[in-house]
Amino acid sequence: MSLPTYPGPKKLSNALSAMRIERAKDARFEREGLRADSEYRDLGLAAATGGKLGVKHIRAIGHFEQPTGWHWHDMHAHFIYVLKGWISFRFDGVEEEVTLRAGDSLSQPAGVPHNVIARSDDFEVIELNVPAEYGTFDVHE
């Protein structure tokens, strides 16, 4: 049995993260994300954790025209869970193509260059990142 990392339990008024509910009926997807062929819904974890964690529901809204090109994200953790469809990546240091289908998940190696090479037109994913806000940078060879 492990010991708690803080004296607890906490009262709601001094919890380490806020309670936040995002209702499906109120869902708002934005088209202001990294890719023009996708839309993004913030699931409220960034606000609840003061920016420590971010979770988004991302879905395709157009055909995937071409690979994203090699890039990396300035983050400490990056996790995806595929809800629908499929996506294929290449990762620096990994010989084979990585394809994920509905029900698959991936802890993406944080900071490692990758290239999204294909995805289905019905693709949907839940993405978690640490921190919530991060930079994306192209790799120039």
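**View 1. His57 and its bridge partner in β9.** In this predicted model, His57 is paired across the sheet with Ile126, a residue of β9. Take a look along the two strands as well: β2 covers residues 54-60 and β9 covers residues 124-130, and the pair is antiparallel with six bridges between them. Another contact to pick out here is Gly54, which sits opposite Asn129 of β9.

**View 2. Strand β2 beside β1.** Here we turn to the other pairing of β2. Strands β1 and β2 run antiparallel and are connected by five bridges. One place to start is Tyr40, whose bridge partner in β2 is Ile58. How much of β2 is buried? Five of its seven residues are, so the rest of the structure largely encloses this strand.

**View 3. The five-stranded sheet.** Stepping back a little, you can follow an open sheet of five strands, ordered β1-β2-β9-β4-β7, with antiparallel pairing. Which strands stand at the edges? They are β1 (38-42) and β7 (105-108); each has a single partner strand, so one side of each lacks a neighbour in the sheet. Ignoring direction, the average turn between neighbouring strands of this sheet is 20°. As a reminder, strands of a sheet pair through backbone hydrogen bonds, in either a parallel or an antiparallel way.

**View 4. The largest nonpolar core.** This core has 15 residues, and the ones touching the most other members are Ile80, Ile87, Phe89, Leu100, Leu106 and Phe123. Strands β2, β4 (77-84), β5 (86-91) and β6 each contribute at least two residues to the core. Which strand gives the largest share? That is β5, with three residues.

**View 5. Arg59 over the ring of Phe29.** For anyone who enjoys side-chain geometry, this is a nice one to inspect: Arg59 lies over the face of Phe29, 3.5 Å from the ring centre. Aromatic rings also pair with one another, and the count for this structure is two aromatic pairs. Such a pair of rings is described by the distance of the centres and the angle of the planes.

**View 6. Confidence along the chain.** Finally, a view for judging the prediction itself. The protein chain has a mean pLDDT of 92, with 98% of its residues at 70 or more. Among the elements of the chain, the lowest mean pLDDT, 93, belongs to strand β10 (residues 136-138), while the highest, 98, belongs to strand β6 (residues 98-101).

Terms used: Residues numbered from 1 in each chain as written. Predicted model: local features only at pLDDT ≥ 70, side-chain atom pairs only at ≥ 80, totals over all residues. Heavy atoms only, no water. pLDDT = per-residue confidence, 0-100. Helix = DSSP H or I, 4+ residues; strand = E, 2+ residues; numbered from the N terminus. Phe/Tyr/Trp six-rings, centres within 6.5 Å; stacked < 30°, edge-to-face > 60°. Lys NZ or Arg CZ within 6 Å of the ring centre and 35° of its normal. Pairing = 2+ DSSP bridges. Axes fitted to C-alpha atoms, helices over the stretch in contact; angles between N-to-C directions. Buried < 20%, exposed > 50% of the residue type's maximum accessible area, 1.4 Å probe, protein only. Core = buried A, V, L, I, M, F, W, Y, C linked by side-chain atoms within 4.5 Å.
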